[in-house]
Amino acid sequence: MFEFRIDARSGAARTGTLTLPHGSVETPLFMPVGTQGTVRALSPNDLRSVGATMVLANTYHLHVRPGEEVVGKLGGLHRFMGWDRPLLTDSGGFQVFSLAGFRRVDEDGVEFQSHVDGSRRTVTPERATEIQWTLGADIAMAFDHVVPGGADLATARDALERTLRWLERCAKRHEGLRRMEERRMEMRREDGADTSPLPSPHHPSPHRRSPHQTLWPILQGGTHLELRRAGLRRILDLGSWTGLAIGGLSVGEPKPAMYEMLEGLEPGLPPPLPRYLMGVGFPGDLVAAVERGVDLFDCVAPTRNGRNGSAFTPDGPVNIRNAEHREDARPLDETCDCETCTTFSRGYLRHLFVTDELLGLRLLSLHNVRYMIRLAAAMRAAIRRNAFGSWAEEWRRRYLEPRSA
């Protein structure tokens, strides 16, 4: 459980296998984002059909609505959303620090105003950990203090220091929850009771919880490389982790600054740990980050862009609303095997968008997620051939210099 094996390398790029309670996944890996327990416009069967193996869900949104206790009573997040493969929940830190309106930060945690009903709520490191434990994802993230990409050194240092102090509290609470659940399960075994970690499909009891969840730390530090390097060393000194997340990038800083951070951090990242770059999901960014040793990604961009009529293709993005597609009989992407591309023409897809038909949102979202899954698979194959550098050069030539549609 929670093992990561590196299968091949090509320069700094790696491909590997991450084993989790709900299955094994291959890296590099893109996770579609199921913000409120659903990837917008897509069902779990849709996700399985395009090859998604792991999904991210949002702790803040599920805490606010319907509430983690509701999810727990209905058997945990896997059962609640009908997803039987690995799940990762973020800590809610990014959402809390991105909220408009009232927000107050102190050493204890964050008090904020709910975007749903305006009520004031407080999330502490312990509370964020408890919420994620109740949700029951395979991987939980430590509560972190997120600052804008252009934050100055003093602001970034303050956020990093607070994140490190909160990490210690998250780890302590997570270990306490794990030990408490192990003791409870041992007592039930002694009594001859059922201790299977997953709920019965007919009786989803909130009292039957698996202790099989791991906690990953998040590295902050803005665009200040030495600060991030110092933060990395301190995270590694705090415990034995099963993975590491890099947060606070792709939040407004220039892309070259993000690439500089990843390149500068890579030599200090322990090879045995999977590396997760949070909130990054445009194709070019994935290729650049894998080139710099990153393994896992998540982002709303594929589905959000899809709902707005923008599709990823090998020749660059396509805006399906454009009039040039009105009588185009070609598929969106001739190389793609998804339902959208094997069934419908560009002309039909444009028709769906100009008439505001909901099917269009689903079909482009489905295609974009499939594109990201296929992109990750192509990167894995190039790494196994020890040819990632030449593959990436050719990919950029085609994607960034698109031919006419």
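A cavity is a set of grid points where a 1.4 Å probe fits but cannot get out, and its lining residues are those with an atom within 4 Å of such a point. The exercises below apply this to a predicted model.

**Exercise 1.** Determine which residues line the largest cavity, and which helices supply at least two residues of that lining.

*Solution.* Begin with the count, which comes to one cavity of 30 Å³ or more, and with the volume, since about 50 Å³ of space lies in the largest cavity. Next, collect the lining residues, which are Thr 59, Tyr 60, His 63, Ser 91, Gly 92, Val 96, Val 123, Ala 128, Ile 131 and Phe 143. Then assign them to helices: α2 (59-64) and α6 (125-135) each supply at least two residues of the lining, and the largest share, three residues, comes from α2.

**Exercise 2.** Work out how the lining of the largest cavity divides into nonpolar, polar and charged residues.

*Solution.* Sorting the lining by residue class gives six nonpolar residues, four polar residues and no charged ones. In this scheme Gly counts as polar, a point to keep in mind when placing Gly 92, which belongs to the lining.

**Exercise 3.** Locate the partners of the salt bridge between Arg 127 and Glu 68, and decide for each whether the residue is buried, partly exposed or exposed.

*Solution.* The side chains of Arg 127 and Glu 68 meet at 2.4 Å, N to O, in one of the 34 salt bridges that the structure holds. Arg 127 lies in helix α6 and Glu 68 in helix α3 (residues 68-73), so this pair ties together parts that are 59 residues apart in sequence. For accessibility, the cut-off for buried is under 20% relative accessible area; Glu 68, at 4%, therefore counts as buried, whereas Arg 127, at 27%, counts as partly exposed.

**Exercise 4.** Describe the spacing and the accessibility of two salt bridges in helix α7, Arg 178 with Glu 182 and Glu 181 with Arg 184.

*Solution.* In the pair of Arg 178 and Glu 182, the closest N and O atoms are 2.7 Å apart; the two residues are four apart in helix α7 (residues 153-190), so they are separated by about one helical turn. Arg 178, at 22%, and Glu 182, at 34%, are both partly exposed. In the pair of Glu 181 and Arg 184, the closest N and O atoms are 2.5 Å apart, and the residues lie three apart in helix α7, about one turn of the helix. Here Glu 181 is buried, with a relative accessible area of 8%, while Arg 184 is partly exposed at 24%. Elsewhere, salt bridges that share partners join Glu 68, Arg 127, Glu 130 and Arg 173 into one network.

Key:
Residues are numbered from 1 along each chain as its sequence is written. This is a predicted model: local features need pLDDT of at least 70, side-chain atom pairs count only at pLDDT 80 or more; totals for chains, interfaces and linings use all residues. Side-chain values use heavy atoms; hydrogens and water are left out. On a 1 Å grid over the protein atoms alone, a cavity is a set of points where a 1.4 Å probe fits but cannot get out, and a pocket is an open set with protein on both sides within 12 Å along at least five of seven lines; lining residues have an atom within 4 Å of a point. Grid points are joined across faces, edges and corners, and a volume is the space filled by probe spheres set on the points. A salt bridge is a side-chain nitrogen of Lys or Arg within 4 Å of a carboxyl oxygen of Asp or Glu. Buried means under 20% relative accessible area, exposed over 50%, partly exposed in between (1.4 Å probe, protein chains only).
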